Amino acid sequence: MADVHFLDLREKSEDNYLKRFSRLLDESGLLDRIDRNRPIAIKIHPGEAGNLYYVKPHYVRIVYERLGNRAFLTDTTTLYPGERMIAPTYQRLVKAHGFGFAPFLVADGLRGEASKQIDGCEIAAVIDAVPQMVVISHIKGHMVTGFGGAIKNLGMGCSAKAGKLWMHSRSKPKLREERCQRCYICVEYCPNQAISRTDPPVIDYQRCTGCCGCLSVCPYRAIGIEWNAEARYTTEGIVRYARAAVKGKTCIYINFVIDITRHCDCFHTIEPPIGPDVGILIATDPVAIDKASYDLIEKIIRKAQPQTEPHYQIEKGVEIGLGTDQVQLIRI
Ligand code: SF4
Ligand code: SF4
């Protein structure tokens, strides 16, 4: 059984979210477990360029200021082309999104090549080097795993490019021709120019990195993957990478169940949230905090990502010893 401290933002309060978040940190006392004399990685996702719903710097700053000058922000490069693909443009994006108050290290080096192998997983070198992490995650839908939280932030978000490539290697999209309306939104979206503007569109698997973006942008759900085999394979990889990323470390997890979107923060598309703000959670167990977060918004996620198996990452996390799904919810 793992304790998960929960700030319920649905309850009326005179105080704003930031003040209430500070109270959650105070009352849980979990940040006291972090040693201020050793390096502290604060793992964030600062949002793709154009995305509006990542965890805002105001919250991250509150955490950073409590941890002292050994703390720094970090994330890894992306597989797909964009500002987060290499370190210099990533650094600029982080500043533009308001995180300039703290040092930011790209954890897997200039182009995502800096990694250390842990249990067969290519973990970003900076993540490997730190003894402790505070993992700040935004809870939202995800087209492969159903939803993304701490496990996804660790597994995909702490891997170097080689690891991401491996995890995505089986998530190859397939066109359902009978549903396709030839609108070519997928062609315009694909960051690797892997889809042809033909009738019907054709996916070039030599170019496709399996990012699954086209699945999300297609308004007619005309692109899919074989969920049972391929999505499970990717999810199992994410969970295994998550376990490698935290091996031997002290970690605290903070999940924000606010600004809940259908897709992950890697999307530059601006879409309205799919549900009201629910709350913020803090715990020492990544599986327990994701289980508690998912339980709060299960209906919304099932409606937004009906083709997925959101529970699978929790089940696998328990199975391989990443954490427990037995949650003791402590309301603040
Ligand atoms: S976005 Fe969907 S409907 Fe439009 S061309 Fe692509 S697959 Fe077809
Ligand atoms: S999954 Fe879709 S959007 Fe992503 S690279 Fe492949 S074809 Fe392009």
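**Close-up views of a predicted model**

**View 1. Ligand 2 occupies the second largest cavity of this predicted model.** The residues around ligand 2 include the run C208, T209, G210, C211 and C212, together with C214. Further members of the shell are P173, C190, P191, N192, A194 and I195. By class, 9 of the surrounding residues are nonpolar and 3 are polar, while charged residues are absent.

**View 2. H168 lies in helix α6, which covers residues 161–168.** With a relative accessibility of 13%, H168 is classed as buried, because this value falls under 20%. Beyond its neighbours within four places in sequence, H168 makes contact with L79, M156, T209, G210 and C211. Of these partners, T209, G210 and C211 also belong to the residues around ligand 2.

**View 3. C121 is a buried cysteine, with 0% relative accessibility.** The closest cysteine sulfur to that of C121 belongs to C158, at 12 Å. This separation is too far for a bond, because a disulfide requires sulfur atoms within 2.5 Å.

**View 4. C158 is likewise buried, at 0% relative accessibility.** For the sulfur of C158, the closest cysteine sulfur is in C251. The two sulfur atoms are 8.4 Å apart, so they are too far from each other for a bond. A search of the whole structure finds 0 disulfides.

Definitions and conventions. Residues numbered from 1 in each chain as written. Chains lettered and ligands numbered in written order. Predicted model: local features only at pLDDT ≥ 70, side-chain atom pairs only at ≥ 80, totals over all residues. Heavy atoms only, no water. Helix = DSSP H or I, 4+ residues; strand = E, 2+ residues; numbered from the N terminus. Buried < 20%, exposed > 50% of the residue type's maximum accessible area, 1.4 Å probe, protein only. Contact = heavy atoms within 4.5 Å. Near = heavy atom within 4 Å. 1 Å grid on protein atoms, 1.4 Å probe; cavity = no way out; pocket = protein on both sides within 12 Å on 5 of 7 lines; lining within 4 Å. Sits in = over half its atoms within 2 Å of the grid points. Nonpolar A, V, L, I, M, F, W, Y, C, P; charged D, E, K, R; others polar.
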